[in-house]
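Student: I would like to go through the strands and the nonpolar cores of this structure, and hear what each term rests on.

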Amino acid sequence: MNGLEKITARIEADAEAEAERIAGEVRAQCDAIRAEGEAKASEVRWRMLQDGVKAAEERTRRLNKAADMEARKSILSTKQEIVAEAFRKTEEKICSMNGELYVAFVAGYACRAAVTGREEIILNETDLATCGQKILDRANALLPGRGLPGSLTLSDRAGDFRGGLILRDGDVSVNCTIEALMDEARENLAAYAAAALFS
């Protein structure tokens, strides 16, 4: 080998060593970049998983809250239906009381509602025909106990209601029909009825 060939071989060997060193550095840098990328990807996956779990928990909480609210609304609706049914049955019982008890009930309301003792009693068609005179007589008998003259009169015109009466004095009327009494009772007693039914 002559001198030029030796120099050329030496340069080639040095170049190969340098290329191998550079390739090693590049491989190390690639490995470091890959490891860093994998660590970041793992961190992002973990964060996404945590966010997904939090979102699922929040959605579950909202769905449970909505289900609880729907259940409460359903229970309240059922309770309201039961209270309404209790008042409806009470109204039925009042309307179907036996003759004397019903006469006493209606006459008592006429006596309590009277202001002058000279009002006109309006009854429904059935009551007017079957017990109107008894109601009038009983109410007039009760009025002196309140310091009023027993001078109520019975209207020959029937009202359109289930039971009870309307007391009229000129343009002034006091509604003591079963329907009006039950509406008033609902307003005043619905909460007590619910407490009694559901305690």
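Tutor: Bear in mind that this is a predicted model.

Student: What makes β1 and β3 paired strands?

Tutor: Pairing requires at least two bridges between two strands. Strand β1 (residues 120-122) is joined to strand β3 (residues 164-169) by three bridges, so the two count as paired. They run antiparallel, and E120 has R168 in β3 as its bridge partner.

Student: How do you know that β3 and β4 pair?

Tutor: By the requirement of at least two bridges: β3 and strand β4 (residues 172-177) share six, in the antiparallel sense, and therefore they pair. L165 has C176 in β4 as its bridge partner. Two residues lie between β3 and β4 in this hairpin, and G170 in the turn has a positive phi of about 65 degrees.

Student: Why is I121 called a member of a nonpolar core?

Tutor: A member must be a buried residue of a listed type, Ile among them, joined to others through side-chain atoms within 4.5 Å. I121 belongs to the largest such core, which has 20 residues; I121, I135, L152, L165 and L167 touch the most other members. α2 (99-113), α4 (132-142) and β3 each supply at least two residues of this core, and the largest share, seven residues, comes from α2.

Student: Which residues is I135 in contact with, leaving aside its neighbours within four places in sequence?

Tutor: I135 is in contact with V103, V106, A107 and L123.

Student: Which residues does the second core include?

Tutor: That separate core of six residues includes V83, I94, I178 and A185.

Methods
Residues numbered from 1 in each chain as written. Predicted model: local features only at pLDDT ≥ 70, side-chain atom pairs only at ≥ 80, totals over all residues. Heavy atoms only, no water. Helix = DSSP H or I, 4+ residues; strand = E, 2+ residues; numbered from the N terminus. Buried < 20%, exposed > 50% of the residue type's maximum accessible area, 1.4 Å probe, protein only. Contact = heavy atoms within 4.5 Å.
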